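Please walk through this protein with me, beginning with its pockets and moving on to the contacts between its side chains.

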Amino acid sequence: MSATTASIEDILGPKIVTNTGEEIETTSLSSKKQIIIYFSAHWCPPCRNFTPKLAKAYKEYIEGSEKDHNETTVIFCSWDNSDEEFSEYHKEMTFPALPFDPSKNQELGEKFGVEGIPSMVAIDAVTGEEIFTDDKAVDLRALVATHGSTAFPLSPDHIIKLKEQAEAKTKAVLKDIDSGSIEVAVIEKLSEQEKPLTDVLSQHEYVGLLIGDGNHAFMSDFFQQASSTMLETNEKNGEGCFKLVYVGWALEDEESDHSKCSTHFPYSIPNISDGLQSALRDLAGEEVHSPMLFILHRSKGLCKLDGTCESAGLHLLGDPMEVLMRFYRHGVEAFPWDATSESILEARKEARINELKNKLPNLEFLK
């Protein structure tokens, strides 16, 4: 029976267990609107990092709501290697779990297309249907990491509200950066003088804030590639088009050095202020880490020939991690590295392949 037609008992089994070993009838979940299945294991480092955040957020959500208003239950589905590991790991959690059964728990992951852990899957508590199948952009784990207990009940309507709140916060943060309300001092490599970030934004059409942790030995090759991409972009579009700013986040270790990393770029922020740290966290919608790439673009509020218009002011070009991957994979070809530019690039590549297929139908490797 598929997940779209199975009952909750068919999917989860007849019982769930608390972290003290108490058994609970699965039928008791019928009063909930949705169930979040949390696939995790203690041997997984990202799981061990995320589980305390989820446990704290869920506990605060439960304690802060009337019992009848708790729409959501989280249930741990263990991919641990033994019953002992499962039991010890479950003690760190504030929500029930499926009984330890490696075969069944693995099958449950396969049913919902779980490819890696930690992973969270939301299902309807009555029908057993997966809730976000049509919107893979919904990252429940990121929402909990960003919003904590206020991410719950993680329902579609609530997630829309969170998205609207995040968009409003992004606009406010960008406005503060653009106006200079958040003061940011940037060091220019050529003059070795400080200047406001607002001046850099005024002088260049696109400015990339590249987050680094000072680990030059590990990141030097990427920094050289990033610098080359910046130079190629300016050669193609004009010298004032795009500049990178190295932003020194937390140092990786005692040997890390922001000053070495910053030598690859025309601007740097070696000592990041609390205000900019907070602003970048708000823009990212999650914890900021190295590497990330925030590309800022100050628009004049013009309309293009295709009818699309952009509001005046400072804009953030997409998710910082997604932008970083486009920048890394495609280089200058995908400038300015937003989703639209990548789509255009992929369409051009596909068109070239199809053209070659038509011209050279016997080349099997193109089929």
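In this predicted model, the lining of the largest pocket is made up of 16 nonpolar, six polar and 12 charged residues. The pocket itself holds about 1,400 Å³ of space, and among its 34 lining residues those closest to the centre are Ala137, Leu143, Ala284, Gly285 and Asp319. Four elements each give two or more residues to this lining, namely helix 5 (140-147), helix 6 (156-179), helix 10 (274-284) and helix 11 (320-330). Of these, helix 6 gives the most, with 11 residues.

The second largest pocket has a volume of about 1,200 Å³. Its lining consists of 41 residues, and Tyr206, His297, Glu310, His315 and Leu317 are the ones nearest its centre. Helices and strands both take part here, since the elements that give two or more residues to the lining of the second largest pocket are helix 6, helix 7 (197-203), strand 11 (292-299), strand 12 (313-316), helix 11 and helix 12 (339-359). Sorted by class, this lining has 13 nonpolar, 14 polar and 14 charged residues.

Helix 11 and helix 12 can be followed further by turning to the salt bridges, of which a search of the whole structure finds 12. One of them joins the side chains of Glu322 and Arg326, with a distance of 3.6 Å from N to O. Because these two residues stand four residues apart in helix 11, about one helical turn separates them. Glu322 is partly exposed, with a relative accessible area of 44%, whereas Arg326 is buried, with a value of 7%. Arg326 also forms a salt bridge with Glu342, and there the closest N and O atoms are 3.0 Å apart. This second pair links distant parts of the chain, as Glu342 lies in helix 12 and Arg326 in helix 11, 16 residues apart. Through shared partners, the salt bridges join Glu322, Arg326 and Glu342 into one network.

Another salt bridge pairs Lys195 with Glu188, their closest N and O atoms being 4.0 Å apart. Lys195 has a relative accessibility of 14%, so it counts as buried, while Glu188, at 22%, is partly exposed.

What kind of covalent link do Cys303 and Cys309 form? They form a disulfide, with their sulfur atoms 1.9 Å apart, and a search of the whole structure finds one such bond. The torsion about the S-S bond is about 110 degrees, and therefore the disulfide of Cys303 and Cys309 is right-handed. Both Cys303 and Cys309 are exposed, whereas Cys47 is buried, with a relative accessible area of 0%, and Cys241 is buried at 4%.

Conventions
Residues numbered from 1 in each chain as written. Predicted model: local features only at pLDDT ≥ 70, side-chain atom pairs only at ≥ 80, totals over all residues. Heavy atoms only, no water. Disulfide = S-S within 2.5 Å. Buried < 20%, exposed > 50% of the residue type's maximum accessible area, 1.4 Å probe, protein only. 1 Å grid on protein atoms, 1.4 Å probe; cavity = no way out; pocket = protein on both sides within 12 Å on 5 of 7 lines; lining within 4 Å. Points joined across faces, edges and corners; volume = space filled by probe spheres on them. Nonpolar A, V, L, I, M, F, W, Y, C, P; charged D, E, K, R; others polar.
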